[in-house]
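This report describes selected features of the structure shown below. A long-range view of the chain follows the local descriptions.

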Amino acid sequence: MAKKKSLEATLHEIEGIKQPTTTNNSSINKVKLQRSKQPSEKEFVEKILKGDISYLSRAITLVESTNVTHQKKANAIIEQCLPYANNSIRIGITGVPGVGKSTFIETFGKYFTNKGKKVAVLAIDPSSSINKGSILGDKTRMEELVKDQNAYIRPSPSGESLGGVAQKTRETIILCEAAGFNVVFIETVGVGQSEIAVHSMVDFFLLLKLSGAGDELQGIKRGIIEMADAIVINKADKENIKSANLAKTEFSKALHLYPLKESNWQPKVTTCSAFYNEGVDSIYNLVEDYFTLTKANGYFEKQRSKQNEYWLLETINQQLKDNFYNKSTVKEALKKYTSAIKNLKTTPFKAAEEILKLSKK
Ligand SMILES: Nc1nc2c(ncn2[C@@H]2O[C@H](COP(=O)(O)OP(=O)(O)OP(=O)(O)O)[C@@H](O)[C@H]2O)c(=O)[nH]1
Ligand SMILES: [Mg+2]
């Protein structure tokens, strides 16, 4: 009985406090109405071109939406923004988790905003498609940039395939550029596939590394080194300085073994401490040199037009794949043939041939 009483006591709630009277109902309704009202395409475009961040964010949300009506609207907005885009430099930053990408962008980004540039930071996070997280969820690592009037940080969209996320990021670049952002950073975690996606949407590709004991070149994919316009050994501070300099020498030697790039740019190797802001100024100069060179020799334009071609084909591929795998007949056939393969009733090749026939139906 005593037990029952104490339970009752636990469940007993004291009377709540009254709502303060300072919030007036008509202003609440006004805010609600404004939130529910979807601006027209024209309104979106006008506001974005004026650099309105809240409209930019809402347009990006439309881009990221899987709702067909939203996507149609997003496409129309992007198309109208397109003539105003393209006027920026796009920089990709990659490296293993924890190498200091966000810290680097925070420090490096400030160099640009201090010179009056407007910086947008986007991310392609392959892990977000798996655990629906986001590498930029922790905006705390960009404390300064977050507060900067001239910076805009957008966490990566989640819950999609890498191809889908990459495409949305590319569309987001267009919107950011139309909104006047003239430096776009794209952060991606170094796991292979995502670098290729980022490389195909940026002008300059920067690989962040950590110096470690032993062979510096071990475990690095050749392809990623080939893509890099600069290799920066981060965390070159305190007791790490010596090993960072050693790593720099090793990478410089290694890079000289690669043929000269089509851009005519000799990739650079340098060290920095993003955290203590050491050596970051020379990376700023190096990036400037790169853009001076590639804009003068025509590579900048050429690469962008090649990237457009790539994205045309990539989008078609993605769409074809999605359409195919979303067919209920294909889903059923996949199930049926997977078990047939398991039971050694058919081969993967024969099964693929049969399933592919469904694409014509
Ligand atoms: N000593 C030192 N620490 C650093 C430096 N740069 C970053 N760090 C620290 O390294 C940790 C990871 O930094 P982040 O910038 O979050 O690394 P990241 O590459 O963005 O990590 P993910 O987004 O998780 O892939 C943080 O604790 C930073 O403070 C540096 O130059 N020197
Ligand atoms: Mg990060």
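## Helix 13

In this predicted model, helix 13 comprises 17 residues, 280-296. At 1.5 Å a residue, helix 13 should span 24 Å, and its end C-alpha atoms are 25 Å apart, which agrees with that expectation. The buried residues of helix 13 are Ile 283, Val 287, Tyr 290 and Thr 294. They lie on the same side of the helix, because the arc that they cover around the axis is only 55°. An α-helix has 3.6 residues a turn, so residues three or four places apart point the same way.

The face turned away from this buried side carries the exposed residues Asn 285, Glu 288, Asp 289, Thr 292 and Ala 296. Just after helix 13, Gly 298 adopts a positive phi of about 85°.

## Cover over the buried side

Which elements cover the buried residues of helix 13? The cover includes five strands and helices earlier in the list of elements shown here: strand 1 (89-95), helix 6 (101-114), strand 5 (204-210), strand 6 (230-234) and strand 7 (268-271). Helix 14 (299-326) is also included in the cover.

## Surroundings of ligand 1

Helix 6, one of the elements covering the buried residues of helix 13, also gives the most to the shell around ligand 1, with 3 residues. Of the 17 residues around ligand 1, those that come nearest are Gly 100, Lys 101, Ser 102, Thr 103 and Phe 275.

By character, the shell around ligand 1 divides into 6 nonpolar, 7 polar and 4 charged residues.

## Gln 167 in helix 9

Is Gln 167 buried or exposed? Gln 167, which lies in helix 9 (residues 162-178), is buried, because 21 other C-beta atoms lie within 10 Å, where 20 or more are required.

Leaving aside neighbours within four places in sequence, Gln 167 is in contact with Thr 315 and Gln 318. The C-alpha atoms of Gln 167 and Glu 64 are separated by 9.6 Å, although these residues are 103 residues apart along the chain.

## The chain as a whole

The secondary structure of the chain comes to 16 helices and 7 strands. Of the 361 residues in the chain, 33% are buried. Among the contacts with a separation of 6 or more, 74% are between residues 24 or more positions apart.

Definitions and conventions:
Residues are numbered from 1 along each chain as its sequence is written. Chains are lettered from A and ligands numbered from 1 in the order in which they are written. This is a predicted model: local features need pLDDT of at least 70, side-chain atom pairs count only at pLDDT 80 or more; totals for chains, interfaces and linings use all residues. Helices (H or I, at least four residues) and strands (E, at least two) are DSSP runs, numbered from the N terminus. The expected span of a helix is 1.5 Å times one less than its number of residues. A residue is buried if 20 or more other C-beta atoms lie within 10 Å of its own, exposed if 12 or fewer, and partly exposed in between; C-beta atoms are placed from the backbone. The arc is that of the directions from the helix axis to the C-beta atoms. Two residues are in contact if their C-beta atoms, placed from the backbone, lie within 7 Å. A residue is near a molecule or strand if its C-beta atom, placed from the backbone, lies within 6 Å of it. Ala, Val, Leu, Ile, Met, Phe, Trp, Tyr, Cys and Pro count as nonpolar, Asp, Glu, Lys and Arg as charged, and the others, Gly among them, as polar.
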